[in-house]
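Reader: Could you walk me through this model, one question at a time?

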Amino acid sequence: TRAQTPLGLFGTDHLIGEEERDIRDTVRRFVDDRIRPEVAGWFESGQIPARDLARELGSLGVLGMHLEGYGCAGTSATAYGLACMELEAGDSGLRSLVSVQGSLAMYAIWKHGSEEQKQEWLPRMASGDAIGCFGLTEPDFGSDPGGMRTRAVRDGDDWVLDGAKMWITNGSIADVAVVWAQAEGTIRGFVVPTDTPGFSAPEIKRKVSLRASVTSELVLEGVRLPADAVLPEVTGLSGPLSCLNEARFGIVFGSLGAARDCLESALAYSADRSIFDRPLSAYQLTQAKLADMTLELGKGMLLALHLGRLKDEGRLRHEQVSLGKLNNVREAIAIAREARTILGAAGITLEHPVMRHANNLESVLTYEGTSEVHQLIIGRALTGEAAFR
Ligand code: TGC
Ligand code: FAD
């Protein structure tokens, strides 16, 4: 009998257009050639060549790829999702770099910025010459960003920002930070060049998850900005939340990339590993695990593609993104853990990608809305009752 890949068995490629497949295959080749040989080392040392990678990802065309104009490719949302999937098959940290750049920092400027802000930042960010970060979370306000304490106060025409942001991806390496702050009774976004006096971004060390990604604190002490640093087109919490929808959508696909990589590792290992004189893959218990993992991967992929098509038609609602983020990250972690059992002791090392993905997915479960927050968003959509507070 002919061995099939898990997603080959589902036949999901038939739901993807030719151009989307070409984009996916290009990103897959980049990950195979450039990322796979290096990524375990980056994870182990907690150091990534982020600036080089940003330029390479810019040349590949994935930074802000689903945005129109300003040097961005303007692909379908589904193509962007598929790219996220390939990037995260390499490492969640790589997909994070791309998510934060394209879906959070660039999207905030693209959607809510002035023409001058777009001209100044978007082309450089699309090419990877400038790196962006997105400061929403604070030390005391993660799931409840509406309570943020960072303040922007008017001084003449200027704005002066004071406060702190926490757990900010790309913070220490960013050229520009999109910072959300309380301003004149509402929440507003500010475009902050990171060389502005009073801005600093110490890196958070000793992580055991998402080690191939820079995570930082942002400290804002009397950061003085000109009047035109504010994002003019949005006020209130819906501003940052609109950006989160974009990044969460990428995670719906991305998490499946990590899961697929774990499942494929387990498949390959089980075929090679001989136990009690037979390949591990020939045992019924192993096949039950492989079949169940394949089912969840395939179901997650069908959900992702469905959400992708809704987004391409402009009909995707944010509660639907929550369905995808909650399910696919949760199942990706379950797949990573099950795959790890098949590898036995070998599964706990960096010789195989499985434990690295499993550890990374713990961060993915928490960021962009924890699984509990997404349960509550879905619960509110079902019942009409908000149970957040
Ligand atoms: P709530 O009253 O529900 O909403 C306030 C206003 O926002 C509107 N809204 C949305 N708009 C766009 N998209 C959404 N998803 C929206 N959800 C709500 C809403 O209509 C309302 O508008 P208006 O005009 O009436 O004012 O707000 P709430 O304070 O009750 O909070 C709701 C809650 C808990 C769901 C929300 O705050 C939330 O999603 N919390 C989770 C926070 C989060 O996800 N943080 C992520 C930070 S960034 C990150 O993690 C990057 S990871 C980096 C990487 O990918 O590597
Ligand atoms: P908390 O909000 O304190 O939650 C703690 C626990 O309480 C969780 O289990 C949560 O689900 C639960 N909980 C919360 N509310 C309720 C409720 N109403 N009912 C029941 N349980 C509840 N943020 C950014 O702004 N930009 C970034 O670039 C960024 N990058 C990140 C990178 C990494 C590696 C990580 C780990 C985080 C990043 N974050 C970023 C922050 C991330 O968005 C927050 O960690 C997340 O929103 C959760 O906030 P918290 O960690 O403060 O947890």
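Author: Happy to; here are some notes on the model, followed by your questions.
This is a predicted model, in which local features need pLDDT of at least 70 and side-chain atom pairs count only at pLDDT 80 or more, while totals for chains, interfaces and linings use all residues. Residues are numbered from 1 along each chain as its sequence is written, and chains are lettered from A and ligands numbered from 1 in the order in which they are written.

Reader: How many helices and strands does the chain have?
Author: Helices (H or I, at least four residues) and strands (E, at least two) are DSSP runs, numbered from the N terminus. On that basis the secondary structure of the chain comes to 11 helices and 11 strands.

Reader: What radius of gyration does the chain have, set against the globule rule?
Author: The radius is taken over C-alpha atoms, and the globule rule is 2.2 Å times the number of residues to the power 0.38. For 389 residues the rule gives 21 Å, and the chain comes close to that, so it is as compact as a globular protein of that length; its radius of gyration is 21 Å.

Reader: Which helix gives the most to the shell around ligand 1?
Author: A residue is near a molecule if its C-beta atom, placed from the backbone, lies within 6 Å of it. By that test 25 residues surround ligand 1, the closest being Ser96, Ser238, His318, Tyr367 and Gly369. Two or more residues each come from helix H5 (92-112), helix H7 (238-272) and helix H11 (371-383). The most, six residues, come from H7.

Reader: And which elements each supply at least two residues of the shell around ligand 2?
Author: Here 20 residues lie around the ligand, and Leu136, Gly142, Ser143, Thr370 and Glu372 come nearest. The elements that each supply at least two are strand S3 (132-135), strand S5 (158-169), helix H10 (354-366) and H11.

Reader: How much strand is there over residues 133-223?
Author: UniProt lists this span, in an unreviewed entry, as "domain: Acyl-CoA oxidase/dehydrogenase middle"; its positions are given in the numbering used here, feature names are shortened, and annotations may be inferred rather than shown by experiment. The end C-alpha atoms of residues 133-223 are 16 Å apart, and the span is 0% helix and 52% strand.

Reader: How much helix is in residues 237-382?
Author: An unreviewed UniProt entry lists these residues as "domain: Acyl-CoA dehydrogenase/oxidase C-terminal". Their end C-alpha atoms lie 22 Å apart, strand makes up 3%, and helix makes up 79%.

Reader: Why is helix H9 described as largely enclosed, and how many of its residues are buried?
Author: H9 covers residues 318-343, and its end C-alpha atoms are 38 Å apart, which agrees with the expected 38 Å, where the expected span is 1.5 Å times one less than the number of residues. A residue is buried if 20 or more other C-beta atoms lie within 10 Å of its own, exposed if 12 or fewer, and partly exposed in between, with C-beta atoms placed from the backbone. H9 is largely enclosed by the rest of the structure because its buried residues number 19 of 26.

Reader: What covers the buried residues of H8?
Author: Helix H8 (residues 284-312) reaches 41 Å from its first C-alpha to its last, and its buried residues include Met293, Leu297 and Met301. Contact here takes C-beta atoms, placed from the backbone, that lie within 7 Å. The cover includes helix H1 (6-10), helix H4 (77-90), H7 and H9.

Terms used. Contact = placed C-beta atoms within 7 Å.
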